[in-house]
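Q: I'm new to this structure and would like a close look at just one part of it. Could you walk me through how a pair of neighbouring pieces fits together?

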Amino acid sequence: MHSFGYRANALLTFAVTILALMCAMASLSDNFNSPTPSALVQVLNINWFQKQPNGNDEVSMTLNISADLQSLFTWNTKQVFVFLAAEYETPKNSLNQISLWDGIIPSKEHAKFWIHTSNKYRFIDQGSNLRGKEYNLTMHWHVMPKTGKMFADKIVMPGYRLPVEYR
Amino acid sequence: MAQYRMDWQGQKLAEQLMQIMLLAFAVIAFVSGYVMASFKMMVLIYAVGVVLTTLLTVPNWPFYNRHALIWLDPSEAEKHPKPQPSANVTQKKKPVKK
C-alpha cells in the first residue's frame with residue numbers, strides 16, 4: 001500500500017470482487033420469490049382449417065389470451081419472455097410443440113395483459129393429424145434476470161379440440 | 001523521499017479503511033436496493049461508496065503520515081560501522097591462486 005498506483009489497484013480489485021458477490025446474492029434472492037402466475041386462453045374462432053397441397057394440415061384460429069405474470073417480477077428481473085404453444089401427441093411424435101404467439105414483457109406494469117389476436121405463427125402439423133385432435137395450449141415463460149440464473153416455467157391448459165372436418 | 005510516501009501505520013490504516021468502507025457500502029447498497037426493489041439503486045449507492053472510498057484512501061492524505069520513521073543521523077551511523085566478513089574471504093583465496 002506504499003504508492004498511489006498500488007492503493008488504486010487494491011481498491012479496484014476489492015470493489016469489483018464485492019460487486020460480483022452482490023450480484024450473486026441478488027440472483028440468490030430470487031429464490032425467495034414464489035410466483036403465482038395465472039393464464040387463460042380462449043379459442044374464439046377457427047378461421048380456416050385445411051390440408052396443404054403437400055399433405056400437411058394447417059389451421060388458423062383467433063385467440064383471446066389473458067394472463068397475470070406480475071408475480072414473476074422481482075428487483076432482479078430485466079424482462080420476461082412468454083410464448084403460447086399448442087402441444088399434442090401424434091403416432092409419430094409423443095410431443096408436438098407449435099408456437100402460436102409470443103411476446104416480451106419489459107416491466108411489471110405490462111405483466112397483466114389481455115390480447116385478442118389470430119395466431120402470430122402458422123399452426124402447421126407435420127402430416128395430417130389435426131382433424132378432431134385434442135391439444136393443450138401451454139403458456140411458457142422465461143424470466144430473464146439482470147444478473148444470475150434464468151428461470152423458466154409454464155402453465156398447461158388442457159382440453160382444446162380441433163374440428164373434425166376441414167373448413 | 002520519506003515525505004512523499006505513506007508511513008507504515010498510514011499504509012495499514014489506508015488498507016483497513018478501504019476494506020471496511022467498501023464492505024459497509026456494499027451492505028448498505030444491497031439492503032436498500034432489496035428493500036426498495038430497485039437494482040439500479042443498489043448499483044448507484046455502491047458506485048458512490050467506491051468513489052468516496054477512492055477519494056479517502058488512494059491519495060496520500062496528511063493524516064496517513066503521523067508516524068514518521070526516525071532514522072539515525074549519518075554521523076551516528078559512521079561511529080558504528082557494519083562488520084564486513086567478505087573482505088577476509090577474498091584475502092584468503094588470493095594466495096591459493098598464486
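A: Here is a look at one helix pair in chain B, with a little background on the chain around it.

Keep in mind that this is a predicted model. Chain B has 4 helices and 0 strands, so to speak an α-α-α-α pattern when you read along the sequence. Of its 98 residues, 20% count as buried. If you take the contacts in chain B between residues at least 6 apart in sequence, 65% of them join residues at least 24 apart.

Now for the pair itself. Helix 1 of chain B covers residues 8-35, and helix 2 of chain B covers residues 39-57. They pack at an angle of about 165°, and their axes sit 8 Å apart. Angles over 145 degrees count as roughly antiparallel, so that is what helix 1 of chain B is to helix 2 of chain B. The crossing of these two helices is right-handed.

Who does the touching? On helix 1 of chain B, the contact residues include B:Ala14, B:Leu17, B:Met18, B:Met21, B:Leu22 and B:Phe25, and further along B:Ile28, B:Phe30 and B:Gly33. Helix 2 of chain B answers with residues including B:Phe39, B:Met41, B:Met42, B:Ile45, B:Tyr46, B:Gly49, B:Val50 and B:Leu56. Sorted by class, the contact between helix 1 of chain B and helix 2 of chain B has 17 nonpolar and 5 polar residues, with no charged ones. Among the residues in this contact are also B:Ser32 from helix 1 of chain B, and B:Thr53 and B:Thr57 from helix 2 of chain B.

Conventions. Residues are numbered from 1 along each chain as its sequence is written. Chains are lettered from A and ligands numbered from 1 in the order in which they are written. This is a predicted model: local features need pLDDT of at least 70, side-chain atom pairs count only at pLDDT 80 or more; totals for chains, interfaces and linings use all residues. Axes are lines fitted to C-alpha atoms, for helices over the stretch in contact, and angles run from 0 to 180 degrees between N-to-C directions. Angles under 35 degrees count as roughly parallel, over 145 as roughly antiparallel, 65 to 115 as roughly perpendicular and the rest as oblique. A crossing is left-handed if the near helix is turned anticlockwise from the far one by less than a right angle, and right-handed if clockwise. Two residues are in contact if their C-beta atoms, placed from the backbone, lie within 7 Å. Ala, Val, Leu, Ile, Met, Phe, Trp, Tyr, Cys and Pro count as nonpolar, Asp, Glu, Lys and Arg as charged, and the others, Gly among them, as polar. A residue is buried if 20 or more other C-beta atoms lie within 10 Å of its own, exposed if 12 or fewer, and partly exposed in between; C-beta atoms are placed from the backbone.
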